[in-house]
Amino acid sequence: MMQIPCPFCGARNESEFSFGGPVKPPRPEPEAVSDADWTAWLTQVPNPLGPVQEQWWHVRGCGTWLTIWRDTRSHDIVEGPGDGN
Amino acid sequence: MKQSYSALSLLRHGINRHTTWAPAWRSPPLKDRYDVIVIGAGGHGLATAYYLAKEYGLTNVAVLERGWLGGGNIARNTITIRSNYMRDASIPFYVKSVALYEEMTRELNFNTMHSKRSMIDVIQNYPMMRDRRRRQHIMDIYGSTYEQISEAEIRSRIPALTGGGPDARLPVVGGYVHTDAAVNRHDAVAWGYARAIDSMGGEIHQQTPVTQLLRGPDGRIKGVETPRGIIRAPKVAIAVSGHTTTLTETVGLKLPLRSMNLTAFVSEPVKPLIDVIVNCPDAGFYLSQSDKGELVLGGAPDPGQSFRRDIKQNVFEDTVAAMLSLFPAFKRLKLMRQWGGHLDIAHDASPIQDETDVPGLFITAGWWGGYKAIPAGGLTLAHLVAKGRPHPLMEPFTISRFRHLDYVMETGTTTAR
Amino acid sequence: METKRLDRGGRIDRSRPLTFTFNGKGYSGYEGDTLASALLANDVRLTARSFKYHRPRGIVGAGVEEPSTLVELMNADASGNQPATTVTLSEGLVAKSVNCWPSPGFDIGAVNQLAARFIPAGFYYKTFKWPNWHLYEPAIRKAAGLSAAPSEPPAAGQFEARYGHCDLLIAGSGPSGLMAALTSARAGLRVIIADEGCEAGGALLSRKLTIGGAPAMDWVAEVVAELVAMPNVTHLQNATVWGYREHNYLMVTERSPDNPSLLERTWRVRACHVITATGAIERGLVFGNNDRPGVMLASAVQTYVNRYGVVPGKRPVIFTNNNSAYAVAADLVAAGITIVAIIDSRDSVPEEARALVPGVEVMAGKVVTEARGGRRLRGVVVAGKTGGSARRLSCDLLTITGGWNPTVHLWSQSRSSLRYDETLSTFLPDTPAQAVSAVGAADGALALQQALRSGAEAVARLTDTELPEIPHAPDLPYAIEPIWRVETARGKSFLDLQNDVTVDDVHLALREGYSNVEHVKRYTTGGMGIDQGKTGNINIIGTVALAQGVTIDAVGTTTFRAPYTPVSFGAIGGLREETVALPYRHTPITDWNLAQGAFMYESGARWRRPGYFPKGGEGLQEATNRECRAVRFGVGVYDGSPLGTFELKGRDVGRFLDYLYSNVMSSLKPGNGRYGLMLSDDGLIIDDGVCFRLDDHRWIVSTSTGHADAINGHMEEMLQTRFPEWNVFITAVTSQWNNATICGPKAREVMEALGTDIDLSPDAFPFMSLRDGTVAGLPVRLVRVSFTGELSYEVNVAPRHMRDLWAKVMEAGQPFGILPVGSEASHVLRVEKGFLSLGHEVDGTVDAYDLGMGWSMSKKKPDYLGKRAVHIRRETGGVRRELVGVISKSDRQIPEGAPLTPGGRKEKTEGFVTACVWSVVHDRWVGLALLEGGHSRHGETAHVRLKGGEVIPVRVTVPCHYDHDGEKLRS
C-alpha cells in the first residue's frame with residue numbers, strides 16, 4: 001500500500017484514495033480535430049515503463065483530486081502535487 | 001523425431017538411470033533472418049509459434065524471449081480455464097480455447113494435467129444472480145455449460161464453505177456450475193509447446209530481449225534489434241503481455257492499452273479439500289486447490305498502472321477478508337507464497353489481436369485472464385500472421401474497433417475483470 | 001527410554017516439566033523447549049517421512065529453516081505443516097507427523113522408494129496421460145498436500161490488525177539488531193524492533209560467546225531491559241517481519257500478543273527507515289543419503305546442546321567446509337561429548353579454528369561421500385574429494401555445515417539488489433531500492449564483533465552521529481571454501497529435503513534443456529516447499545553452475561517472495577469480518593420494514609432494502625402483484641431515500657450541468673426539473689436521473705442508487721480537473737434527505753389527508769416541479785417525479801423526521817388502502833412503463849438513440865460529454881440493438897437476459913430480453929428487450945431461445961406498455 005501525499009492532509013495511505021487514471025493531454029476542442037485524433041485522444045493513455053503522471057481522488061479524506069508523478073516500475077512517487085511549482 | 005513420453009519410456013530410460021533423455025528443445029544458433037519473429041515465449045507467443053508450424057507450415061520462425069521460456073504471465077496466474085462469457089463476440093472463442101486445452105496432452109505428448117473439475121459461482125446477491133442467469137442461455141448457443149444450483153448443493157459440493165449463512169453479511173443465495181471449467185499445469189503447457197515447436201523446426205531463443213523494432217523505408221516492419229544483433233523478418237508478432245506498448249512505442253505506435261498488475265497467492269499445501277474451482281464474485285475472490293494441495297487464490301487487481309510484480313497489501317487484505325467470510329476455518333490456514341504479473345488492459349477491457357498500422361507488425365494484447373485464451377489466441381494469431389487477415393473468431397477484436405468506438409463490452413465472471 | 005538431556009545448562013526451566021503427545025505416544029519436556037528439542041531429548045530420531053519417496057527423516061535444523069520435520073498440531077492449536085523446531089512446547093500439546101500413514105515408523109507410502117528409479121524429476125509430465133489425467137488425479141492429490149486443512153475456525157480468541165508508525169523498524173533482535181536498536185533509541189528515534197524468536201538474542205541464544213568480558217546473554221538482557229524501559233521503543237518477540245511492500249510498508253505478525261483474547265496480531269508498519277538484522281541461515285552439504293535421521297545442521301546441534309541442554313548424539317562426526325563448525329565442536333567438547341572426527345573439505349584448515357578443539361582429529365581435504373544407516377544414522381564413509389581410499393567411521397550424529405547464507409529475504413522483497421560475494425561464497429545485499437540497510441550476519445558480518453559494529457554503524461549513518469563504543473566481543477573469524485556438492489557421493493544426494501529433490505534430478509532437468517534456474521526449480525520443484533528452500537537453494541544454484549561450467553552469479557537466484565515464513569490467513573484478515581469488513585446502508589425505517597415481515601436484501605450500492613412485503617403465505621410473485629395493483633389502482637408508498645442526491649451551488653452550475661448531461665439543463669426555471677442522461681466522453685451512458693433547479697444558483701441532481709458514488713467522483717473530477725476556475729460546489733446530500741414516495745391514482749387524496757400548505761392542484765404544482773412547504777406538520781421538500789408512471793409525490797424530509805412521516809403516511813393512507821411497496825414491485829412498474837434501469841437496458845453498449853431517447857441528445861449545445869463519441873460511433877457502426885417492448889406469446893415468463901435469435905435458431909443472437917414481468921394491468925408477461933433494428937420491427941414476432949432449445953415467440957412493441965401518453969403521471 002502506497003503512501004500518497006495529499007496537498008491538504010499530508011501523506012496518507014493509498015486506501016483513502018480512489019485511482020483516477022493517468023493524466024491525458026488536455027481534451028481537444030471536439031470540432032477542431034479529426035475523428036482519428038479524437039478517438040486516439042479518447043482511447044489512448046500514456047503507459048510508460050517509468051514515471052507516469054496520474055490522478056487520485058482523496059475520496060475518504062478531503063475530497064480533492066490531486067496529481068502525482070509515480071514510477072510504474074517501483075511505485076515510488078517521484079513528484080508530489082505541487083512539487084513541480 | 002522427438003523421444004516419446006510414456007510410462008514405458010520412463011521405464012526404459014529408468015534402466016539407464018535417465019541419462020538417455022534428449023533435450024526437450026534445442027538451443028540452436030541465432031540466425032539473422034527468419035520468416036516470422038514472435039516476441040515473447042510466454043503462453044501466447046509459444047502457442048502462436050506452435051500453430052504457425054502445425055497449421056500453416058511456417059517453421060522458419062524464431063521466438064525471442066527476454067528471460068526464460070514460460071516465464072511470462074503463464075508462470076504467474078491462477079490457471080483457470082473456462083468459457084462462461086456473456087457476448088457472442090467472446091463465447092465461441094473461449095469455447096474453442098477450452099476444447100484445444102482438452103486435447104493438449106494428447107496432441108503435445110506432454111501431460112498438461114488437464115483437470116476438468118467444474119467451476120462453481122457462489123452468488124450472494126440477487127443482481128449477480130440475474131447477471132449469471134443471462135449467461136446460461138447465450139452460452140448454450142455456443143455449447144458452453146452453465147447450470148443453476150441451490151445453496152444446499154453448493155454446500156454439499158464445497159463442504160469447507162461454511163460461511164455465508166442466512167445471518168451473514170452477504171448470505172449465499174445460490175450459484176451456477178460451469179462444468180467445462182478446468183485447471184491444468186501451466187509449466188507443462190509452456191514446455192509442451194516449446195518441445196513441439198522445436199520438433200517441427202521452430203526456434204526458441206531465451207535471454208534475447210528485443211530492444212527496438214525496425215521499420216523499412218516503405219514503413220513495413222523489417223526486423224528487430226537485440227543485444228545479440230539485428231534479426232530480420234518480414235513479419236513480427238508481439239505477444240508480451242504488459243510490455244506491448246513499451247515495444248510498439250519504439251516505432252512510434254500508440255495503442256489503447258495500459259499495463260496493470262494482477263496478483264495471486266497460494267496457501268500451504270493441505271490434503272484434498274476442494275475439488276472444484278470456487279468463484280465468489282460478490283465477496284471478491286476465487287480459489288482452487290492445486291494437485292500439490294495448495295489453495296490457489298486470486299482477487300481484485302491493483303487499480304493503477306504498474307510494472308511492479310508485487311501485491312498491494314490493502315488489495316490483498318480485502319481478498320483474504322472476503323475469503324474468510326465464506327471459509328472461516330481457513331483462519332488457521334497459512335499463506336505460503338504470493339506474486340504478481342503484468343498484463344495490459346485495452347480501453348474496453350477486451351483483447352486486441354490485429355495487424356498494426358505498421359505493416360507486418362502484429363499484436364496480441366489486452367488479455368485479461370489470458371491464460372484460458374492461450375491455445376485459441378495462438379491459433380488465431382497464427383492465422384492472422386499467415387493469412388494476413390483475422391481469424392473469424394477474432395474478427396470482433398481488431399484495433400479498428402477503437403477508431404469507430406465500437407467497443408466489445410464484456411465482463412468476465414471472475415472478480416478480476 | 002534413554003534421556004538425552006544434559007544434567008544442567010540451557011534456557012529451559014527444569015522446574016516446570018510438561019507432557020505432550022507425538023504420533024500417539026506420550027513424552028515429557030520442559031518449559032522453554034520446542035517440540036523438536038523435546039523430541040530429541042526423548043531420543044525420538046525418526047520424526048518424518050519425505051514427500052515423494054517417503055524416506056525416513058529426522059530433525060535437521062533448529063528454527064524456521066527446518067526442511068524435514070513438519071507436524072500437524074491438533075485440538076485447540078489445530079494447524080498444519082508446522083516445523084517442529086518452531087513449535088513452542090506447551091502442556092498437553094498433541095502433534096503428529098504429516099505426510100505418512102499410519103506413522104513414520106511404518107509408512108505405507110515407503111513403497112515409493114522401490115520405484116524411485118522410475119519416478120525422476122518431472123516424471124508426471126511424461127506419464128499419467130492415458131486415458132486422461134482425471135483417472136490418476138485423485139490418487140496424486142491424496143498423496144500430496146502434507147497436513148489436513150483445519151476444519152473449524154479457532155474456538156476462542158480473535159485476530160487483530162493494527163498500524164504502527166516509526167522512524168526505524170528493525171527486523172531481528174540478534175546482536176546487530178539489538179545494537180542498532182540501542183543506538184537509535186538512545187538517539188531518540190521512534191523504534192520498533194521485531195524478532196521471530198520467543199526470546200531476544202538471535203544466534204547468541206545458541207552460542208557461548210562473551211561481550212565486554214561477560215556472557216553475551218547478560219549483555220542481551222541489559223540491552224532488552226533498557227529498550228523496554230524507553231517510551232520510544234516497541235519491542236516485539238515471537239513476531240515475524242514477513243512482508244516488505246512499497247513505500248517502506250512492512251507486515252509484522254505477532255504470534256503471542258500480550259492480550260490473552262488475541263490469537264495473533266498483525267502490525268502494518270510504515271517505517272521511515274528499515275534495518276534488516278535478520279541473521280544468516282546455515283546451508284547443508286550435499287552427499288549420499290544426506291537425509292538420514294541423525295544428519296543435522298551444525299548450528300542446530302549447537303542450539304540443542306547450548307540452549308536446550310539436549311545431546312543429539314553421543315558420537316558425532318562433523319563435516320564442514322568453513323570455520324563455524326569448530327566453534328560448534330568446542331561447545332560439544334565442553335558439554336562432555338567426544339567428537340569422532342572433523343571432516344573438513346578444505347586442504348588447509350586455519351590454525352585459529354583448529355586451536356579451538358585441541359586433540360580432536362581433523363581430516364583435512366576430505367569429504368563425506370555417504371551416510372550409512374536407515375532409520376537412524378550408523379556411520380559415514382569418508383574419502384578424498386576426487387575419490388581415493390575410503391574410510392568408514394561409526395557415528396550416531398553427523399553435524400554438517402555448508403557455510404552461511406545471509407537472510408536476504410526481506411531485503412530482496414524490498415526490490416533491493418543482491419551481489420554474489422566470492423569470499424563468503426554467498427549472495428549479499430547490494431544496492432537498496434528503498435530506505436533500508438542490512439546489518440550483521442544479514443549483511444555478511446558473520447563474526448560477533450563485526451555484527452555489533454555494523455548495527456551501530458547503520459544507525460550512526462542514518463542519524464549522522466558518532467559511532468558509539470563497541471564492546472569487545474571475541475569470535476572466530478569466518479572463512480569458507482565452498483563445496484556445492486560432493487562429486488564422489490554414493491546414493492541419493494538431496495538438495496531439497498522437503499520436496500525430495502536430488503542432484504540427479506537437477507542433472508536430468510539440465511540434460512532435458514531446462515537450463516534456466518527458474519526451469520530447474522519448476523521442473524524439479526526444488527525450493528518450492530513450505531521452507532522455500534532456505535537451506536538448499538544455493539546448493540541447487542551451485543550444482544547448476546558446476547554442471548554448466550559457469551559462475552554462481554551467472555546462474556543467479558530465484559525470486560524471494562513474501563511471506564518470509566507462512567502466515568495464517570486469520571492474522572492477515574484481522575478483525576475484518578462481516579459488517580466490519582463490508583458495512584451496509586439502510587434507512588431509518590428498516591425496523592418498521594422488518595416488523596412488517598419485509599423480505600430484505602441488497603439491491604445495489606450496499607443498500608439493504610425491502611424487496612417485497614409478503615402477507616400470510618405469499619411468495620414473491622403474489623406479494624409483488626398485490627403491491628403493483630395497489631399502485632396502479634389505488635395508492636402505494638415506497639422509501640426512495642437511497643437514490644443518490646447532490647446539491648450543486650454556484651454561478652456556473654448551469655453550464656456545468658450542460659456539460660455533464662446530454663440535454664440542456666441550464667434553461668430550467670427555479671422549481672422545475674428535467675430528466676436527463678449523463679454520458680462518459682466515450683459516449684456510454686453512465687447514469688440517468690432528474691435534475692431540479694432550486695433557485696438561480698442552487699440545483700439538485702439525483703442519480704441512480706447504484707451509481708451515486710461513481711457520479712460523485714465523476715462530477716468532482718470534471719469540476720476539479722477540467723473546470724477548476726468554475727464556481728460550483730458539490731455536496732452529497734443523499735443521507736441528508738429521506739423520502740416517502742406516495743404513488744397511485746389516489747396519491748393526491750392521501751396527500752390531502754396528510755395535510756399540507758402546498759397547493760396540490762395540477763396547474764399549481766405540475767409534474768416535474770418541486771415545492772418547499774409542510775406536510776403533516778413536517779418541513780418537507782415535495783417533488784412531483786414518477787418512476788412508476790402514476791401520479792406521484794416524493795415527500796422529502798430530514799432523516800430525523802422519516803419515521804414520523806412514514807407512520808403518518810401509513811395512517812393517513814389507510815382509508816385508501818395504501819400499501820408499502822418493495823423494489824420488486826417498483827421494477828415491475830417501471831418495466832410496464834418502459835422506463836430504463838441501468839444494468840438492465842443500459843449495459844454499456846446502447847446510446848440514447850437506441851433507447852428511443854434521441855431527443856435527449858442536444859443539437860443546440862456545441863459540446864458536452866460524449867457528444868462527439870456518439871456521433872462517431874453512429875456514423876460508422878452497423879446494425880444497432882434498439883430498445884423495444886416484448887409481449888410473450890406463451891404463458892411462460894421469459895427469463896431476464898434470455899437471448900433473441902433469428903427464428904429462435906441456435907445461432908448468433910440478435911438481442912436479448914432485458915426484463916420480463918407479470919403485468920397486473922394486462923394480466924400477462926410483458927418485457928423489454930434490446931433487438932437489432934428493433935425500432936422498425938414493432939408488430940413483428942421475435943424469438944427467444946432458451947438453454948436446451950425451447951423457443952418462446954414474442955411480439956415486438958413500443959417499450960411503453962402502459963399509459964403511453966403519460967396522462968396518469970401528469971394528472
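I will go through a few features of this predicted model, moving from the contact of chains A and C to the nonpolar cores and then to chain B.

Let me start with the contact between chains A and C, which takes 19 residues from chain A and 20 residues from chain C. On the chain A side, the elements that give two or more residues are strand E3 (18-22), helix H1 (35-43) and strand E4 (51-57), and of the elements there it is H1(A) that gives the most, with 4 residues. If we sort that side of chain A by class, we find 8 nonpolar, 9 polar and 2 charged residues.

Turning to the interior, the largest nonpolar core has 319 residues, and those with the most contacts inside it are B:Ile37, B:Ile39, B:Met323, C:Val368 and C:Leu398. To take one of these, C:Leu398, and leaving aside its neighbours within four places in sequence, we see that C:Leu398 is in contact with residues including C:Val295, C:Phe319, C:Val368, C:Leu377 and C:Val380. Apart from this core lies another, of 111 residues, and among its members are C:Leu657, C:Cys743, C:Val783 and C:Val944.

Now to chain B, which is divided into domain 1 (7-110 + 185-256 + 348-403) and domain 2 (119-181 + 258-346). Taken over C-alpha atoms, the centres of these two domains of chain B are separated by 28 Å, and where the domains meet, 31 residues of domain 1 are in contact with 27 residues of domain 2. On the domain 1 side, strand E3 (80-81), helix H3 (91-108) and helix H7 (244-248) of chain B each supply at least two residues, with the largest share, 4 residues, coming from H3(B). By class, that side of domain 1 has 14 nonpolar, 14 polar and 3 charged residues.

I would like to finish with strand E14 (residues 277-280) of chain B, and to ask which residues of E14(B) lie on each of its two faces. B:Ile277 and B:Asn279 are on one side, B:Val278 and B:Cys280 are on the other, and all of them are buried, so that both faces are covered. In general, side chains in a regular strand alternate between the two faces of the sheet.

As for its partners, E14(B) is joined by 3 bridges to strand E4 (residues 119-123) of chain B, the two running parallel, and here B:Met119 has B:Ile277 as its bridge partner. With strand E15 (residues 285-289) of chain B, E14(B) pairs in the antiparallel sense, over 3 bridges, and B:Val278 stands opposite B:Leu287. E14(B) and E15(B) form a hairpin with 4 residues between them, and in the turn B:Gly284 has a positive phi of about 100 degrees.

Terms used: Residues are numbered from 1 along each chain as its sequence is written. Chains are lettered from A and ligands numbered from 1 in the order in which they are written. This is a predicted model: local features need pLDDT of at least 70, side-chain atom pairs count only at pLDDT 80 or more; totals for chains, interfaces and linings use all residues. Two residues are in contact if their C-beta atoms, placed from the backbone, lie within 7 Å. Ala, Val, Leu, Ile, Met, Phe, Trp, Tyr, Cys and Pro count as nonpolar, Asp, Glu, Lys and Arg as charged, and the others, Gly among them, as polar. A nonpolar core is a set of buried Ala, Val, Leu, Ile, Met, Phe, Trp, Tyr and Cys residues joined through C-beta atoms within 7 Å. A residue is buried if 20 or more other C-beta atoms lie within 10 Å of its own, exposed if 12 or fewer, and partly exposed in between; C-beta atoms are placed from the backbone. Domain bounds come from an automatic or database domain assignment. Two strands pair if DSSP finds at least two bridges between them.
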